[in-house]
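Hi,

Here is the structure I promised to pass on. Have a look at it first, and then read my notes underneath.

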Amino acid sequence: MAEELEKILSQLTQPDNAVIQQATAQLKQAFKDPAIIPALCAVMSGSQNPQIRQSAAVMLRLRVKKHWKKISPDDRESLKAVVLQVFMQETEHTVQHSLSQLCAVMVKHETPDRWPALLQLLNESTKSSNPHDRQVGLLLLNKVVESNPEPFKPHYCQLLQLFSTVLQDHNNPTALYYCILTLTAITAYTGTKEMNQMRSIIPSLILALQHLIKADQGQASEAMEVLNELMESEVSIIVSHVADIVRFCLEVGSDTTLSDSLRVKALSCIAFLIKLKSKTVLKQKLLNPILQSIFPVLNAAPPPGEQDPEDEEDDSGEGTDNDNPKHCAAQIIDTMALHMPPEILFKQLMPLAQASLTSENPYERKGGLMCLAVLAEGCADHIRTKMLSSVLQTVCHCLSDSNQVVRSASLFALGQFSEHLQPEVSKYCAELMPLLLGYLSSLNQAKVGHVTKAFYALENFMENLGADIEPYLPTLMETMLSALNNAENLKIKELAMSAIGAIANAAKELLVPYFPPVIESLKGFLTATTEEMRALQTQSLDTLSVLARTIGKDVFSPLAAECVQLGLNLTDAIDDPDLRRCTYSLYSSVSTVSPDCLTPHLTAITTVMLLALKSNEGIMAHVEEDKTFVLLDDEDDDDEDVDVKDADDLLEDEPEADIHDFAGFSVENSYIDEKEDACDALGEIAFSTGAAFQPFLESSFQQVYEMRDFPHEDVRRAAFGAMGQFCRAQHQVWKENPTEANHQALLKLLDVVLPCFVETVRTEQERQVVMAILETMNNVMKSCKEEAFKTPSRLKEISCVILDVLKKKTVCQGGGDEADDEDQQAEYDAMLQEFAGEGIPLVASSVPAKTFAPFLNDLLPLLMSKAKSSCTVADRSFSVGTIGEILQALVGVSGGQGVAGKLSNRLLPVLVAGVRDSDAEVRNNSVFGLGCLAQAAGPICASDYPMMLSVFSSMLTRESDLRVIDNLCAALCRMIMSNVEAVPLEQVVPALVGRLPLKEDLEENKTVFSCLAMLYTHSPALVVKLMKPIVAASSHVLGHKDVDKETQHTVAVLMKAFAQHHSADFQASVTSLPGEQQATLSAAISAS
């Protein structure tokens, strides 16, 4: 049979399709014969043609992979012997490669210990005195260990001994390469007993990498992955070598004679190290050396006659972040900003940035701007509070630089600032908007690349302006609408369409007059079917989603059904993940405005989204196997063992040249985005459509729950968010229809979701995901209140996980493995703790105070420690703000007064110190906290009233911040309502009324007018004496869109009482008001 088989295999390599088809058919036939295994072995060992030997090895591997159990024990044993014998006599590298992969699959079925001959061969060949034998032995070792790292665990110590020898073999780069790849494969699986060996191997590993770089940069780039693996492993393995690793990576990253991909690999290692071990980097004083090395990379000019990719005219702005050394250098600074305390970072970084910004060389100025731009996200608070006007001045100055490269970079920086430095950056509207509009009017349409950057800056800036956009609306909309109607260039139309979305986010219903022409353009774009319209359609859907949320229910509702139909028609006609993803967002937006329009289509919509979550589309194996082999492989469908071809199957057997794609497989970004948006949309639609979504809740939940360990963090984040939304949706359904079945469904859901949240907060590596889970968990507690705590152990689980985050014990916080300098941390690390802290008042308002008290006792010291004057403003504000919210929560729960009373002695000093803080927000939160303390503790803290009143009275005379004054009024009202006898009303009430109406914190009108209404029944004479200012203040509250209906009703009832019982005083008070306010008052009274 072997000769026949060889003939068929040689026909498969002919350039003639008919011959190939015939050979394939014959091959399928041959595969039905059990003698195929020995025949393939014979061809593999006997054929003269290496290509045929390789084909035979690949086919055997496929056969073994799927059908090992069906191969007779004799055939298995002879196969084990033949493979090793053939392997040692083979001279062609490609065939050796395929043979080693065949061995790897056999080891999977056999375990190393059941194949002693393999272990013996590995042992002999890797220690052979012949360099070629060593290479081949290491190739085999690499393949079998890489695909079975766990079963080789008992041999790790022996392997590490071998590696420490091989790594000295600098004249044999191929041996070094396979040795390092194998080390990479086992690193994640090593344990404490290999620790010392691992540690001692690192210096020779770095040296070996240096030699490998000289020999083969491609292989070296792949081998450097070992550094990432080591960094992720036990911190104690690399701690003593961090400085050497950094020095090596900086040398490679700075060496312009090396390939970009190798330099990128080295610089990415540094970014990764900073992300995982920023404290170690700081402790070992590596920040300065890193900055000194990467600034020249960031500031480098491109080769003569070339441009940086982002400055080339056809740059679509879609470039990946780290595909060249310059982007990597910026990424390192970005990572520092996200993971290091800003005070420490800025002290060392700003001198370098300043020098770049003031340089004569345009590329250095560009580097300085890029540096400022990437700092904005991670160090937002620091820049907003300490240096905003100076960095904005710099950027504005560069917007009019003579060099376009610098102007482009300053547009990028401004876009980043607008996104991350809110709300302060919007206060510079009057300076920035004219500059940006000037850009739009003078832009040469031919230079689309530059236009794109101007739009990026403009959009990000406009999006957050709110009503301040009004004066610019006519100019903006005229520009955008004319671009939609006239621009020849589809990219310009796409940019204008995107900008309209940003304008809508700010302008909301102010955009109504422009709505008809925008919708006309949108419909025109969305009904086109040509390929080149795709990007514009995607953008149009996005803008339509924004309009649905912002333009107002009355204007959008009539179009809702048509929009849903537009979306469904598009996804029926066009198979494109980006387009589908945007339809999900559209349905989601429509569900918030007009859920009924979605109901008839829920089956169709959920089907598409669940398919997107299930799909493996876009997950590409790097190397496809020869299609013929794959065909053969899936022939026997009767076999219970056939599983779907997964990415792994396609990975192996690449020709040697391609195994540099070591990542296994890559996922196209648009498919990841589609999964993320599908999760987000399912969650929101479930919540908005309520009972109508019930038939789809279980299947949607199951599919979303599967996504909780998806490799990509954005998909995980979205999945957890959706799980929270499903809980809130089920709670809503139960509230509206309180059947036992609905209640049980809610409890069952909470029993799956909340433990999953708690567990993941502890174990998830990515900080962003943990922040999102904490936020979602807070929303679930806010909605479901005591239902979330029905399971007895739940209160303890949630309280303890909050405690762990506040103590920095979770995995994404470094698991408490590094001693911490308490007062200084990265802003995002502080933010993570804020999300956890926000859960405390939510727990407090959901359970009886006595039950929560022991947990609260553990949590409070951690909160109070952040109120120290040495802490950042953000920490102090968070600390006193959370204490205030906890006290407010205690007002509404059983036993709250007793617990608040017990805490008052501990909390008073912290809140009183906060009232004297230099920062207005800290003062504001402290005043709020004192008011809530009085309200929560009631008569228990009456003895503290004189002290509190004296603090407040001296504040009222000194304070200039309007929000703080509003909160002072509210705090006084809380004290009065809580214990009217303890307040000298004759002095306090006139001072309080003199500060009305409230200017900033309009929510507190509820507190103030409830108090005035109470005082009117308690001390009418006092209130009547103050009628004029009270009536004037009321005229501001009535009919105000930001004051809730309940409060307006309280005010109206009070006014009506004045009008009925004190008509002369009331009339006099009313006539002294402007006409408009008089009308508001009389309308409210007649309506009440």
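Below is what turned up, starting with one helix and moving on to the aromatic rings.

Before anything else, keep in mind that this is a predicted model.

Let's begin with helix α2, which runs over residues 17-30. Its 14 residues reach 20 Å from the first C-alpha to the last, close to the 20 Å expected at 1.5 Å a residue. At the N-terminal end of α2, D16 acts as a cap, with a side-chain oxygen 2.9 Å from the backbone nitrogen of A18.

Which residues of α2 are buried? They are A23, T24, L27 and A30. These cover an arc of only 120° around the axis, so they sit on the same side of α2. That fits the usual helix geometry: with 3.6 residues a turn, residues three or four places apart point the same way. Over on the other side of α2, Q21 and Q29 are exposed.

There is also a record to mention here. An unreviewed UniProt entry annotates residues 23-89 as "domain: Importin N-terminal". In the model, that stretch is 81% helix and 0% strand, and its end C-alpha atoms are 29 Å apart.

Now for the rings. Searching the whole structure gives eight aromatic pairs. One of them is F693 with F696: the ring centres are 5.9 Å apart and the planes are at 55°, so this pair counts as tilted. Both F693 and F696 are buried.

Another pair is Y1016 with F1058, where the centres lie 5.4 Å apart and the planes are at 80°, which means edge-to-face. Y1016 belongs to helix α51 (residues 1005-1018) and F1058 to helix α54 (residues 1045-1061), so the pair ties together parts that are 42 residues apart in sequence. Are these two buried or exposed? Y1016 has a relative accessible area of 13%, so it counts as buried, the cut-off being under 20%. F1058 is buried too, at 0% relative accessibility.

Back to F693 and F696: ring pairs link them with F701, Y705 and F726 into a cluster. Y705 has a charged neighbour as well, since R708 lies over the face of its ring, at 3.8 Å from the ring centre. A similar arrangement involves R728, whose charged end sits over the ring of F687, 4.2 Å from its centre.

Have fun exploring!

Technical notes:
Residues are numbered from 1 along each chain as its sequence is written. This is a predicted model: local features need pLDDT of at least 70, side-chain atom pairs count only at pLDDT 80 or more; totals for chains, interfaces and linings use all residues. Side-chain values use heavy atoms; hydrogens and water are left out. Rings of Phe, Tyr and Trp (its six-membered ring) pair if their centres lie within 6.5 Å; planes under 30 degrees apart count as stacked, over 60 as edge-to-face and the rest as tilted. Buried means under 20% relative accessible area, exposed over 50%, partly exposed in between (1.4 Å probe, protein chains only). Helices (H or I, at least four residues) and strands (E, at least two) are DSSP runs, numbered from the N terminus. A charge sits over a ring if NZ of Lys or CZ of Arg is within 6 Å of the ring centre and within 35 degrees of the ring normal. The expected span of a helix is 1.5 Å times one less than its number of residues. The arc is that of the directions from the helix axis to the C-beta atoms. A polar contact is a pair of N or O atoms within 3.5 Å; within protein, one must be able to donate a hydrogen and the other to accept it, and residues adjacent in sequence count only if both atoms are side-chain atoms. UniProt positions are given in the numbering used here, feature names are shortened, and annotations may be inferred rather than shown by experiment.
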